[in-house]
Amino acid sequence: MGLTFAEKALARKAGLDAVVPGQILVVRPDRLLTHDNTAAISKHFYKIGVQKMANPDMSVIVLDHVVPASDEANATNHKVIREFVAAQGIRSFYDVGEGICHQVLPEKGHAWPGAVIVGSDSHTTTHGAFGAFAVGIGRTEAAAVMATGELWLRVPTSFKIVVKGHMPERVSAKDLILHIIGDLRADGADYRSVEFTGPAVAEMSVASRMVLCNMAAEMGAKNGVVEPDDKTREWLKGRVAHPYEEVHADPDAVYERVIEYDVTNLAPQVAKPHTVDNVVPVTEVAGTPINQALVGTCTDGRLEDLEAAAEILRGRHIAPNVRLLVLPASREVLLAALERGLISVLIEAGATLLNPGCGPCLGAHQGCMAPGEVTISTANRNFKGRMGSKEAFTYLASPATVAASALKGVITDPREV
Amino acid sequence: MKETKIKGRLWVLTDAEGRLYDDIDTDMIFHNRYLHITDVAQMGQYALDNLKGWQDFAKKAQAGDMVMAGRNFGAGSSRQQAVDCFRALGIGAIVAESFGAIYKRNAINSGLPILTLPGLTEHAHLFHNGDELEVDFATGQVVLNGSQVFQGEPFSQVQMDIYQAGDLFAYGKLLGAAV
């Protein structure tokens, strides 16, 4: 009997020929990703009673959540982290300005096919786009991984999502994944390994595949993954120097569910407040007034996302009374966007450029909302109160839909601008 | 050995219409504005303060109380504060129809007892604030007011072992691992 991606990747890591769903394994992950929460994790770590990490080279730390620090409490946390990094001899530390952990980690060569990556952030699933088994864990666990280099994992059952057709104009991976989450619900893939496959996924860029895997977390998935191909290998060239062995699901693997979608007639999608699975075609909410629009985050802050926004806003100006915030996902993305002139297009159109980082996505700083305000965002979460006031409203959409909405001042179908 | 059968006063997390809340996310449990807090003892006061109708939960709750919710409790972020805030309050156990995947791991690793009770939603009307709830982690049985019995999922072996040890760290020490 064949193995799914998750079964194969975990079996290999545990040194076994095969594993079955439900089996509990102890594995040594290849990378442990943590961010601003390393301050709290380091406290847990020292409480264990060990002084030195089992393997400091496993640790990747990116400051991204509240950067630069917005206040004394966050500044102190950052300071604690820098001291921890120095004390432990952690080499893969990326300070303020490098970008969002889920963009920086692959850019710096810490994700590769077959790698097992754990991170103290739910959107660690993003790295499945490189054929890695990548999962979010909590801080107790992250501290335990620092101390022991190991953690327990339950082998998940697997879903296979087969996507057919060609993506229509101005429709993107974000629209597809919102549609899927709306269909399967916020807990539809609870603790499942979700394999995204099919011709539409094969046609997608690596950046678009990252969108799918990133948001797999929003349907409760343990991990999301896309099979590596030439695009993956090309992307990783010059970033991952060491050899790696790709993991591909067996053709006769057993899935709990195989679900098919066809994108041929897919319309741009919008998740309405206050849950990610509250999804409708943009046409149903078109005309809703907005106060703020946001292009960025670990979901949609890459070059192709800024390009999609710039294409719509080139030579035009956003509506009066709308704030458009643009946050490139990393320094590398920002530099590439500058080189292509995308940043000037967006700023001339009225955008406010923020530094690479998580920005207002989690409501800590840089664009929180007042009561009654509405933001349309390319982020992955629209929970009540996430972006500031509990009485504010967040709609989730693609970069094209967000840019079109900023242009008109109301939620707008990007196919009509 | 720690008790594997515990009893406590129940809080049923319902909305304004009296329906059991589904999809209570980590921002409702522990809002992102408190993420800079690193001391677990400080987290209890903010538990559920972003869940409509339950903003004063931390003031009402007492150590040993039980909490009940619907589907997908703890959806969203991996933030462990959403588990630790209940530990800080001394909550006895959380019973829900289902839990978010990372939340479940965090709760297990922190030694906070959580019990999955499939089909809970259809019986939700039977449970009220102030009821006495007894939960047996070993058998998965949930007993309401000493009479009505519901069958939940018993603790898995690793969950029971970590719970008995206290948390993942203590469990690691018992195993004689590198910790």
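## A loop with a surprise

Gln366(A) lies in the loop of chain A that runs between strand E16 (351-353) and strand E17 (374-377). Keep in mind as you explore that this is a predicted model. Although Gln366(A) is not a glycine, its phi is positive, at about 60°. To see what makes that worth a second look, recall that most residues other than glycine have a negative phi.

Is Gln366(A) buried or exposed? A residue needs 20 or more other C-beta atoms within 10 Å of its own to be called buried. Gln366(A) has 20 such neighbours inside 10 Å, so it counts as buried.

## Other unusual backbone spots

Arg170(A) is another residue that is not a glycine yet has a positive phi, about 60°. You will find Arg170(A) in the loop between strand E8 (158-164) and H6 of chain A. With 20 other C-beta atoms within 10 Å, Arg170(A) is buried.

Now for the peptide bonds: most of them are trans. Where Val67(A) joins Pro68(A), however, the bond is cis, with omega near -20°. Pro68(A) sits in the loop of chain A between strand E3 (59-62) and helix H3 (72-88). The bond from Pro273(A) to His274(A) is cis as well, with omega near 0°. His274(A) has its place in the loop between strand E12 (269-271) and strand E13 (279-281) of chain A.

## Following strand E17 to strand E18

Let us go back to E17(A), the strand that comes after the loop holding Gln366(A). E17(A) pairs with E18(A) in the parallel sense, over four bridges. Within this pair, Thr375(A) stands opposite Thr394(A) of E18(A).

Which residues of strand E18 (residues 393-396) of chain A point which way? Phe393(A) and Tyr395(A) point one way, while Thr394(A) and Leu396(A) point the other way. All four of these residues are buried.

## A helix with a buried side

Helix H13 (residues 331-339) of chain A makes a nice case study, with Val333(A), Leu334(A) and Ala337(A) buried. These three cover an arc of only 100° around the axis, which puts them on the same side of H13(A). The general rule behind this is that an α-helix has 3.6 residues a turn, so residues three or four places apart point the same way.

What do the buried residues of H13(A) pack against? Their partners are H4, helix H12 (303-313) and helix H14 (342-348) of chain A. On the face turned away from the buried side, H13(A) carries the exposed residues Leu338(A) and Glu339(A). After H13(A) comes Gly341(A), with a positive phi near 80°.

## Two domains in chain A

Stepping back, chain A is divided into domain 1 (5-237 + 254-261) and domain 2 (269-416). Taken over C-alpha atoms, the centres of these two domains of chain A are 24 Å apart. Where they touch, 32 residues of domain 1 of chain A are in contact with 33 residues of domain 2 of chain A.

On the domain 1 side of this contact, the elements giving two or more residues are helix H4 (101-107), helix H6 (173-184) and helix H8 (206-216) of chain A. H6(A) gives the most, with six residues. By class, this side of domain 1 has ten nonpolar, 13 polar and nine charged residues.

## Getting to know chain B

Chain B has seven helices and seven strands. Read from the N terminus, its elements run β-α-α-β-α-β-α-β-α-β-β-β-α-α. Its radius of gyration is 15 Å, close to the 16 Å that the globule rule gives for 179 residues, so chain B is as compact as a globular protein of that length.

Along the principal axes, the C-alpha atoms of chain B fill a box of roughly 50 × 40 × 25 Å. Of its 179 residues, 54% count as buried. Among the contacts in chain B with a separation of 6 or more, 65% are between residues 24 or more positions apart.

## Where the two chains meet

How many residues of chain B are in contact with chain A? There are 34 on the chain B side, touching 39 residues of chain A. Helix H1 (26-29), helix H4 (101-110) and helix H7 (168-175) of chain B are the elements that give two or more residues to the chain B side.

H4(B) supplies the largest share of that side, six residues. The chain B side divides into eleven nonpolar, 16 polar and seven charged residues.

Note on methods:
Residues are numbered from 1 along each chain as its sequence is written. Chains are lettered from A and ligands numbered from 1 in the order in which they are written. This is a predicted model: local features need pLDDT of at least 70, side-chain atom pairs count only at pLDDT 80 or more; totals for chains, interfaces and linings use all residues. Domain bounds come from an automatic or database domain assignment. Two residues are in contact if their C-beta atoms, placed from the backbone, lie within 7 Å. Ala, Val, Leu, Ile, Met, Phe, Trp, Tyr, Cys and Pro count as nonpolar, Asp, Glu, Lys and Arg as charged, and the others, Gly among them, as polar. The radius of gyration is taken over C-alpha atoms; the globule rule is 2.2 Å times the number of residues to the power 0.38. A residue is buried if 20 or more other C-beta atoms lie within 10 Å of its own, exposed if 12 or fewer, and partly exposed in between; C-beta atoms are placed from the backbone. The arc is that of the directions from the helix axis to the C-beta atoms. Two strands pair if DSSP finds at least two bridges between them.
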